Amino acid sequence: MPNVTVIGCQWGDEGKGKIVDWLASKADIVVRFQGGHNAGHTIVLDKKTYKLSLLPSGIIRGKLSIIGNGVVVDPLALINEIDILKNQGLKITPELLKISYSATLILPYHQLIDVEREKQKGKNKIGTTGRGIGPAYEDKIGRRALRVCDLYDIENRKIFLNNAVLHHNITLKGLGKKLIKTSDINSLLDKVAPIIEPFVDDTVEIIHRENKKGKNILFEGAQGSLLDIDYGTYPYVTSSNTIAPQAAIGSGIGPSNIGYILGITKAYTTRVGNGPFPTELNDQIGEKIRKKGNEFGVVTGRKRRCGWLDSVLLKYAVKLSSINGIALTKLDVLDNFKEIKICVSYKLGDKIFKTLPTSAVLMNKVQPIYETLEGWNACTKGVESLNKLPKNALKYIKKIEKIIGIDISLLSTSPEREDTILIKDPFIK
Ligand code: GDP
Ligand code: IMO
Ligand code: MG
């Protein structure tokens, strides 16, 4: 059966949650495959707003929702998010939510170290979400992480925990911080383990079994391609791979079964946290985009930096993930601009860059080269088809398609589920 993988093509917050929710009507299962509660995915439905960080967005539609092995799970954050969503009236049962027994746990020391390290870096900080994501993935690669399955193996849990605490106390001592006690973490794990246990399962088996039965799977990416640990604007990135191949690694589906790859991009660009951003607008236009687009972080409430669409980085993201089609979001935010710009290359002195500079330092120095288009000064919210769009809005879309060489499959014109124009159904070959 056709599967679909949703990938952010910029620096995150492209509107993945809204698009995943919309597509979830056609899917049977939604799977998260990387990241953790650094993600903030917003879904607006009947004027009610749902904010998801760890739970797959399919949970809103009551679809089987899977947290795959590639995700880092903070048990307290998970329990808290389940409670909030239940209070909002959602059903979250062990039949609907499955968590991989091999997902990595984020424990309190990860968050502590994340925050302390950022403090130490001062003005060179990455601007992380402070959720412990980096230190937890480091533990995974360092082979000292505790995983969900370890919650239920008391004997080994103690051994693993001692090992991890020993390691982290060296850092904490160096930072002049209070040391962690294994017994404190153990008591916390004793408390959370039974709450999570009903949801824990062999998600690789479930995914393969259900897919074989003909169920459609939607793989929900978090963050964005330029935050990828290998391909993003390193070191100003997150600590996981955020591009399409990770859908296979982080879920166990196998690389030829991740299906149609849908890249999500805003009609402009935003970034939250530090790092290079060639098209950033530190002026009234940037402020206007922020205001109209309500560009404030879901997780940390920070102001998102705003700028024009950058086709250089979009083309890069398309390559990295073999993107098949684009979902263009937040077109409505550009409704009232006299002119709209698209960055088509960068320059530094006499040198022109048509591809991404090779380092964040270089990327910080380049200047964008723009093509300028006329704005449309009309409302696009709720427009039902492409041919009903204002002429200049359609021109903008066609221009993007031409520059990046990929067609737009979905167009979003408001946070609401229904304000979405379908051009090519990703679930139909
Ligand atoms: P995600 O992390 O990619 O899921 O995106 P976020 O939820 O962090 O940020 C996207 C924001 O834009 C959310 O507040 C959405 O409700 C909102 N949004 C999504 N699509 C549209 C759209 O087409 N127009 C407008 N105005 N807002 C949108
Ligand atoms: P969604 O899924 C936007 C950014 C942080 C910081 C960097 C590293 O909502 O698109 P981390 O806490 O991951 O170590 O922080 O990555 N970042 C995001 N920016 N959207 C996200 O997720 C992000 N997740 C992490 O701001 O710059
Ligand atoms: Mg977000």
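**Close-up views of a predicted model: domains and two ligand sites**

**Figure 1. Division of the protein chain into domains.** The protein chain is divided into domain 1 (4-99 + 200-260), domain 2 (104-196) and domain 3 (266-422). The model shown here and in the views that follow is predicted. Domain 1 is assigned in two segments, 4-99 and 200-260, while domain 2 covers 104-196 and domain 3 covers 266-422.

**Figure 2. The contact between domain 1 and domain 3.** The centres of domain 1 and domain 3, taken over C-alpha atoms, are separated by 23 Å. To the contact, domain 1 contributes 38 residues and domain 3 contributes 41 residues.

**Figure 3. Ligand 2 and the residues around it.** Ligand 2 occupies the largest pocket. The ligand is surrounded by 20 residues, of which Asp13, Lys16, His41, Thr129 and Thr238 are the closest. Sorted by class, this shell around ligand 2 comprises seven nonpolar, 10 polar and three charged residues.

**Figure 4. Polar contacts of ligand 2.** Two side chains and one backbone position are presented in this view. In the side chain of Thr129, an N or O atom is 2.5 Å from an oxygen atom of ligand 2. For the side chain of His41, the corresponding distance from an N or O atom to an oxygen atom of ligand 2 is 2.7 Å. Val272 takes part through its backbone, where an N or O atom lies 3.0 Å from an oxygen atom of ligand 2. Ligand 2 taken alone exposes 550 Å², and the protein buries 98% of that area.

**Figure 5. Ligand 1 and the residues around it.** The second largest pocket holds ligand 1. Around ligand 1 there are 19 residues, the closest being Lys16, Gly17, Thr42, Asp332 and Ser412. Lys16 is listed among the closest residues for ligand 1 and also for ligand 2.

**Figure 6. Polar contacts of ligand 1.** A polar backbone atom of Lys16 is 2.7 Å from an oxygen atom of ligand 1. Lys330 approaches through its side chain, in which an N or O atom is 2.9 Å from an oxygen atom of ligand 1. At Ser414, a polar backbone atom is 3.2 Å from an oxygen atom of the ligand. Taken alone, ligand 1 exposes 580 Å², of which the protein buries 94%.

Note on methods:
Residues are numbered from 1 along each chain as its sequence is written. Chains are lettered from A and ligands numbered from 1 in the order in which they are written. This is a predicted model: local features need pLDDT of at least 70, side-chain atom pairs count only at pLDDT 80 or more; totals for chains, interfaces and linings use all residues. Side-chain values use heavy atoms; hydrogens and water are left out. A residue is near a molecule or strand if one of its heavy atoms lies within 4 Å of it. A polar contact is a pair of N or O atoms within 3.5 Å; within protein, one must be able to donate a hydrogen and the other to accept it, and residues adjacent in sequence count only if both atoms are side-chain atoms. Accessible areas come from the Shrake-Rupley method with a 1.4 Å probe; for residues, only the protein chains shown count as cover. On a 1 Å grid over the protein atoms alone, a cavity is a set of points where a 1.4 Å probe fits but cannot get out, and a pocket is an open set with protein on both sides within 12 Å along at least five of seven lines; lining residues have an atom within 4 Å of a point. A molecule sits in a cavity or pocket if more than half of its atoms lie within 2 Å of its grid points. Ala, Val, Leu, Ile, Met, Phe, Trp, Tyr, Cys and Pro count as nonpolar, Asp, Glu, Lys and Arg as charged, and the others, Gly among them, as polar. Domain bounds come from an automatic or database domain assignment. Contact means heavy atoms within 4.5 Å.
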